[in-house]
Amino acid sequence: MRIRAVTREELPLLAALERAAGAPFAAIGMPEIAEDEPPALPELARYLDEGTALVALDDLGAPVGYLLAEPVDGALHIEQVSVHPGHARRRIGRALINHLAAGTDAPALTLTTFADVPWNAPYYARCGFRPLSDAELTPGLREIRRQEAAHGLDRWPRLCMRKELG
């Protein structure tokens, strides 16, 4: 497996990868998440231009996972980590996160996630992230959570997490 920056030509492939990565949510009673549309191409392109977009490639060079991140309140905020279910449990998500951490001078990584989904908050805790209390949320994280709630994600318990770097 190889990790590198996403190219513009690969952006359309991320949508198919995202759909596949979302499918397991249907099996745990979250069909709305499984059916949610992936980010549009202009939004994905914004991460190339203003943030970070990483892709994990299999031995044949096909994308099997990706990560999107951008600066939020001094930290690097992970907006999305998706791994194709056919490549799950191979440490691809962790490799993407570690690659991001190694390439930034930000003091921390943050993310928001579902609290009770095994491959979400419990997984990120194993990767060194800790839950943040409401009092620890920065203005940027509060705005991200507000947008998530407006999108209907608060139907299931969510939380913000942080991993200190350095």
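Visitor: Which exposed residues does the face of α7 turned away from its buried side carry?
Guide: This is a predicted model, in which local features need pLDDT of at least 70 and side-chain atom pairs count only at pLDDT 80 or more, whereas totals for chains, interfaces and linings use all residues. Residues are numbered from 1 along each chain as its sequence is written, and side-chain values use heavy atoms, leaving out hydrogens and water. Buried means under 20% relative accessible area, exposed over 50% and partly exposed in between (1.4 Å probe, protein chains only). On the face of helix α7 turned away from its buried side (helices are DSSP runs of H or I, at least four residues, and strands runs of E, at least two, numbered from the N terminus), the exposed residues are P139 and A150.

Visitor: Within what arc do the buried residues of α7 fall?
Guide: The buried residues of this helix are G140, L141, I144, R145 and E148. An α-helix has 3.6 residues a turn, so residues three or four places apart point the same way. The arc is that of the directions from the helix axis to the C-beta atoms. Seen down the axis of α7, its buried residues line one face of the helix, because they fall within an arc of 140°.

Visitor: Which strands are included in what covers the buried residues of α7?
Guide: Covering is judged by contact, that is, heavy atoms within 4.5 Å. The cover of the buried residues of α7 includes β3, β4, β5 and β7.

Visitor: Which strands stand at the edges of the open sheet?
Guide: The sheet has 7 strands with mixed pairing, in the order β1-β2-β3-β4-β5-β7-β6. Two strands pair if DSSP finds at least two bridges between them. A strand with a single partner has one side left without a neighbour in the sheet, so the edges are formed by β1 and β6.

Visitor: Which element gives the largest share of the largest nonpolar core?
Guide: A nonpolar core is a set of buried Ala, Val, Leu, Ile, Met, Phe, Trp, Tyr and Cys residues joined through side-chain atoms within 4.5 Å. The largest one has 25 residues, and L67, I78 and F129 are among those with the most contacts inside it. Elements that give two or more residues include β2, β3 and α6. The largest share, 6 residues, comes from α5.

Visitor: How many residues does the second, separate core have?
Guide: This core includes V6, L44, A53 and L68. Its number of residues is 12.
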